[in-house]
Amino acid sequence: MEENYSLPGEEESSGYEESSDTKNTDFIIDASNPGAIPKFVDELPIPKVLNPVSRENGCPYYEVEMKSAKHRFHRNFKEAATIFGYNGMYPGPTIEAMKGQAVRVKWINNLPLKHFLPVDKTLEDAMDSPEVRTVVHLHGHNVAPDSDGHPEAWFTRNYEYVGKKYCRQVYEYPNQQQATTLWYHDHAMGVTRLNLYAGLAGFYLLHDFNEQSLDLPRGKYDIPLMIQDKSFRSDGSLFYPDNLTPRNQFVHPSVVRAFIGNTMVVNGKVWPYLHVEPRKYRFRMLNASNTNGFTFKLSNGQPFWQLGTDGGLISVTKAIQKFPLDPAERVDVIIDFSGLEGETIILQTEELDLQGNPDIHKREVMQFRVGNKGGDSIPLPQNLRPFDKLEEAKAVKTRRFVMSQEVDGFGRIKLTLNNLEFSDPVTEFPEYDTIEIWELANPVFDPTRPLGIPPNISHPIHLHLVQFQILGRQQFNVNPNKFNANQWITNGGGIEFVSNPVDPDPSEMGWKDTVRVEPGQVTRIIVHFKNYTGEYVWHCHILEHEDYEMMRPLIVIKKYND
Ligand code: C2O
Ligand code: CU
Ligand code: CU
């Protein structure tokens, strides 16, 4: 995936001079050189929980203002970086909600009119839209369409200009689903990758009585981790590739196919550490990277105890040694530091090399420093929540999709779904309260890399409105002579399977709103379309793909016999 992105070092850097008036008492390093950045010197920040402005009939009402701010990613960076943040914070403030109690949020845009990252005017409507536009989506929430943050419901500062789907300032979150880790982030058409990279993302933790009745670590022992890969310029400002020599200065065709950062940022700090007590902690891990998928594990080989997936608690706590997490996916785990007094443990990723050796390209993410004081006596919770498997036999429809690609007028690869663009006529009209199976075939992979060898090139497919279940995956022959996309889409033919179907990964057996669609495989999911009717979207959550046509409308319609 190194193709199509440039390293920060290659960018013209402002260069820095040692100055005596720097606010940093520490030494200053070149932030564009990841090897020079000291690891585990900044403490992990925990985003503050937001207080409501008021309550109406018991329902909290919040106001959140997006603004430009300065944020220091690392203590040894020369400058604090410009970011866009919710309330000027990055990550944004955490919103805590309770199932059954609706929450209202007024999302306010007070951002500058000019973006500090490279806007590409060739993307959907971008030519005739204001450069800085925003709309907030609460990812994973079952919400009515007018509060879902449709990409065309964007608005600018003071709601001065709005997109064609814009309809309200105050969003209403009903919180009718089970407790889980949701996150809010920007979703504006054609600039989501830039707005999110600039800092527009935050946690929304939904609780319920079942979760509260369990003996789970809570309060300061329940910590959300927003994990992102980012790159920096020498002075510590955010680097995002503006890679291609602009062949057209009017439209500035700068979207890349992939963005891979050279550092790991957790809750806004590069390679942070966290002091922990020798006891159990709950971590809500979110991969909020633009493109990169990771497989996480712990340096001492101990397991994570999984509690939940994207959509909430799984049925029974389970030990997982390592697990993959693509952009937008969440996993809810306990890490037990009991008995590890005085030790340091590193959360790291596993990236296999071409020979299948693990740790060669591993990335370190953050460090846990286990202290000597504290502890707990709570046992690991066993039963968490009953889980109802959706039955395949109840599905009324099967839809088939292919991750397609073409070359655009600027010679860039454009990734699409079923060879359709976002503005093509709607093809997905599931009926309200019906169950469907979606089969997602991904024949798109880099032929220079053998199948199944990272870097990760799966497409994390995300559906708004619903939580679904993964049925499994099956390898097929991606040779263009053996795979006929049109036939596949129309009747499921034109495909040669080369393996038996396999179950979802152990860490994926629960409610999901985002699923890895791996190259060379058909990934099958089962979806119950319920909660609301109306217009939503579904898309690849690689932000560079989502911004450039790998997104489609989804309209849930009322059944005629209702
Ligand atoms: Cu997290 Cu449609 O997005
Ligand atoms: Cu979403
Ligand atoms: Cu994609």
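A cavity here is a set of points, on a 1 Å grid over the protein atoms alone, where a 1.4 Å probe fits but cannot get out, and its lining residues have an atom within 4 Å of a point. The model is predicted: local features need pLDDT of at least 70, side-chain atom pairs count only at pLDDT 80 or more, and totals for chains, interfaces and linings use all residues. Residues are numbered from 1 along each chain as its sequence is written, chains are lettered from A and ligands numbered from 1 in the order in which they are written, and side-chain values use heavy atoms, without hydrogens or water.

**Whole protein**

Start with everything shown as a cartoon. The protein has four helices and 31 strands; these are DSSP runs (helices H or I, at least four residues; strands E, at least two), numbered from the N terminus. Of its 562 residues, 60% are buried, meaning under 20% relative accessible area with a 1.4 Å probe and protein chains only. Among contacts (heavy atoms within 4.5 Å) with a separation of 6 or more, 78% join residues 24 or more positions apart. The exposed area is about 21,600 Å², of which carbon and sulfur atoms supply 48%; the areas come from the Shrake-Rupley method with a 1.4 Å probe.

**The five-stranded sheet**

Select β24 (413–417) and β27 (469–475). They belong to an open, mixed sheet of five strands in the order β24-β23-β25-β29-β27, where two strands pair if DSSP finds at least two bridges between them. β24 and β27 stand at the edges with a single partner strand each, so one side of each has no neighbour in the sheet. From one strand to the next the twist averages 20 degrees, with axes fitted to C-alpha atoms and angles running from 0 to 180 degrees between N-to-C directions.

Now add β29 (residues 521–529), which runs antiparallel to β27 and is joined to it by six bridges. Gln469 lies opposite Ile526, and Gly472 has Arg524 as its bridge partner. Six of the seven residues in β27 are buried.

**The second largest cavity**

Stay with β24 and look for empty space. Three cavities of 30 Å³ or more are counted, and the second largest holds about 90 Å³, a volume being the space filled by probe spheres set on grid points joined across faces, edges and corners. Which residues lie nearest its centre? Select Val256, Arg257, Ile413, Glu544 and Tyr548, from a lining of eleven residues. β24 gives the most to this lining, with three residues; β24 and α4 (543–546) each supply at least two.

**Phe259**

Next, select Phe259, in the loop between β11 (238–239) and β12 (263–266). Phe259 counts as buried because its relative accessibility is 0%. Leaving out residues up to four places away in sequence, Phe259 touches residues including Tyr197, Phe239, Pro241, Asn292 and Glu544. Glu544 is also one of the residues nearest the centre of the second largest cavity. Tyr240 is 19 residues from Phe259 along the chain, and their C-alpha atoms are 8.0 Å apart.

**The four-stranded sheet**

Finish with the open antiparallel sheet β28-β26-β30-β31. Its edge strands, β28 (514–517) and β31 (551–556), each pair on one side only. The twist averages 25 degrees from one strand to the next. Inside the sheet, select β26 (residues 459–463) and β30 (residues 534–540), which are antiparallel and joined by three bridges. Leu463 in this region stands opposite Trp538 of β30.

Notes
Buried means under 20% relative accessible area, exposed over 50%, partly exposed in between (1.4 Å probe, protein chains only). On a 1 Å grid over the protein atoms alone, a cavity is a set of points where a 1.4 Å probe fits but cannot get out, and a pocket is an open set with protein on both sides within 12 Å along at least five of seven lines; lining residues have an atom within 4 Å of a point.
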